[in-house]
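Student: I have a new structure to look at. Can you take me through the way its helices pack?

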Amino acid sequence: MEVVRNIQVKLDVPQEDSKVLDETFDQFRQAAQHVADHGWDDNPHNITDTKNTLHKETYSDVRDELSLQSSLVQSARNLAATALGNCKDRKFDGEKASKPEFRGSVVVYTAEPLRTTTTTFPSLRPTSA
């Protein structure tokens with residue numbers, strides 16, 4: 001059984017790295033929104049929420065338009081696919097649901113990108129709680 005835990009980490013970001021980190025957040029949001037826009041339809045029968053289909057139909061465009069590394073594009077796609085699936089389920093259950101909109105500063109990292117992040121932002125350190 002796989003156990004997933006979400007954590008929130010406050011980072012002590014040096015000034016010279018803050019713009020790069022902010023850009024990563026913005027591009028991740030753009031990637032997730034692009035996938036959600038692509039998969040959305042007002043008719044729940046036409047909502048595309050499968051990761052494989054969304055990957056085939058959006059991956060190249062997102063990689064061409066943004067400078068996110070591959071694993072973050074995939075994480076953004078997965079986030080959008082989950083949101084689309086939740087909306088689809090709500091619509092089939094007779095509840096209201098609108099197209100997912102991604103706002104704020106969220107990036108979904110898996111274990112692999114965390115190792116890359118350490119290399120990309122060597123001066124980032126978690127602050128004490």
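Tutor: Start with a term. A crossing is right-handed if the near helix is turned clockwise from the far one by less than a right angle, and left-handed if anticlockwise. Keep in mind that this model is predicted.

Student: Which hand does the crossing of H2 and H3 have?

Tutor: H2 passes H3 in a right-handed crossing.

Student: Why is H2 called oblique to H3?

Tutor: Take the angle. The axes of H2, residues 51-65, and H3, residues 70-92, cross at roughly 135°. Angles over 145 count as roughly antiparallel, and 65 to 115 as roughly perpendicular. The value fits neither class, so H2 is oblique to H3.

Student: What makes the contact between H2 and H3?

Tutor: On H2, the residues include Leu 54, Tyr 59 and Val 62. On H3, they include Val 73, Ala 81 and Leu 84. The residues of this contact divide into 6 nonpolar, 4 polar and 3 charged.

Student: Why is H1 called oblique to H3?

Tutor: The axes of H1, residues 15-39, and H3 come within 8 Å and cross at roughly 45°. Roughly parallel needs an angle under 35 degrees, and roughly perpendicular needs 65 to 115. The angle lies in neither range, so H1 is oblique to H3.

Student: Which hand does the crossing of H1 and H3 have?

Tutor: H1 passes H3 in a right-handed crossing.

Student: Which residues of H1 and H3 meet?

Tutor: Among them are Phe 28, Ala 32 and Val 35 in H1, and Leu 72, Leu 79 and Ala 80 in H3. This contact divides into 10 nonpolar, 3 polar and 1 charged.

Terms used
Residues are numbered from 1 along each chain as its sequence is written. This is a predicted model: local features need pLDDT of at least 70, side-chain atom pairs count only at pLDDT 80 or more; totals for chains, interfaces and linings use all residues. Side-chain values use heavy atoms; hydrogens and water are left out. Axes are lines fitted to C-alpha atoms, for helices over the stretch in contact, and angles run from 0 to 180 degrees between N-to-C directions. Helices (H or I, at least four residues) and strands (E, at least two) are DSSP runs, numbered from the N terminus. Contact means heavy atoms within 4.5 Å. Ala, Val, Leu, Ile, Met, Phe, Trp, Tyr, Cys and Pro count as nonpolar, Asp, Glu, Lys and Arg as charged, and the others, Gly among them, as polar.
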